[in-house]
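Biologist: Hello! Could you teach me how to read a few features of a protein model?
Modeller: Gladly, let us open it together.

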Amino acid sequence: MSSRRSRSRQSGGSRITEDQITDLVSKLQRLVPEIRNTRSDKVSASKVLQETCNYIRSLHREVDDLSERLSELLASPDTDSDQAAIIRSLLM
Amino acid sequence: MGSLSDLNNVSSHLKSRFARGFLRALARIHNLSPPPASSSSNQDFALRKCQRVKLAAYASMASAFGKRRVWSRAMLQRIRCHSSSVRRGKVRQHMRTMRRSGKKRKKIGRELAAKAQDVKKLRKLVPGGESMDLEGLLRETAHYVKCLVTQVQVMRSIADFCSCPP
């Protein structure tokens, strides 16, 4: 796919085109569930960045919650290293 | 749908890499014996355990990429700093912020200048984001999000598995 070289400013380093940025923004859009299925011409780059920020924040919160859950499970005597070995083999 | 199936392929390899390191860390944390009884130190211990699990998760994910990505490099640096404060018993979050690089920000165009606020917020969320140019930031963000999703999936699977003993 040929990329049109649109007007871009150089700053002592590599030249970045608007098209490349647009491309990267649509790649991000495909990763974020909220806006994944919206047509890319209907979603502004600003919206993609905002939703990406929200998504990252929610993923961080999920990690926090899961860490808490896991640390409680580790405390219980039911969980043992055998289960860990089973999980490891299941995931291979 | 092409990109989604690519995501799945990358994901399963990444899942096992992450899971292996993370499970090893969990086993280590599980074997940590609690300090002699006193209710405040028990609470403290539980909180530190939770922090350890969280750090282990981020560390295992970042270790899968080591220095190859800006975000994983930055994350590992941050964790090294944080985990020593956890060991010293400080529960307060102590995240080192990356120093801004002296380089002038590239001005790409009118359209993108309008999104400066959004870019700023993104920089704060992605490890190492402060010192990257816009193109780098967008690439790193995409990779970081993919990895976070994988991390959450594996953590949830492990938690679900351990919640219902066979």
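Biologist: Is A:Glu51 buried or exposed?
Modeller: This is a predicted model, so the values are computed. Buried means under 20% relative accessible area. A:Glu51 has 12% relative accessibility, so A:Glu51 counts as buried.

Biologist: Which residue forms a salt bridge with A:Glu51?
Modeller: A salt bridge pairs a side-chain nitrogen of Lys or Arg with a carboxyl oxygen of Asp or Glu, within 4 Å. Here the partner is A:Lys47, with the closest N and O atoms 3.2 Å apart. A:Lys47 is partly exposed, at 35%. The two residues are 4 apart in helix α3 of chain A, which means about one helical turn separates them.

Biologist: How many salt bridges are there over all chains?
Modeller: A search of the whole structure gives 8. Among them is the one between A:Glu62 and B:Arg156, whose closest N and O atoms are 2.1 Å apart. This pair joins two chains, because A:Glu62 belongs to helix α3 of chain A and B:Arg156 to helix α6 of chain B.

Biologist: Now helices. Which residues of α5 in chain B are buried?
Modeller: They are B:Asp118, B:Val119, B:Leu122, B:Arg123 and B:Leu125. Viewed down the axis of α5(B), these buried residues fall within an arc of 160°, so they line one face of the helix.

Biologist: What covers the buried residues of α5(B)?
Modeller: The cover includes α3 of chain A and α6 of chain B. On the face turned away from the buried side, α5(B) carries the exposed residues B:Gln117 and B:Lys124.

Conventions:
Residues are numbered from 1 along each chain as its sequence is written. Chains are lettered from A and ligands numbered from 1 in the order in which they are written. This is a predicted model: local features need pLDDT of at least 70, side-chain atom pairs count only at pLDDT 80 or more; totals for chains, interfaces and linings use all residues. Side-chain values use heavy atoms; hydrogens and water are left out. Buried means under 20% relative accessible area, exposed over 50%, partly exposed in between (1.4 Å probe, protein chains only). The arc is that of the directions from the helix axis to the C-beta atoms. Contact means heavy atoms within 4.5 Å.
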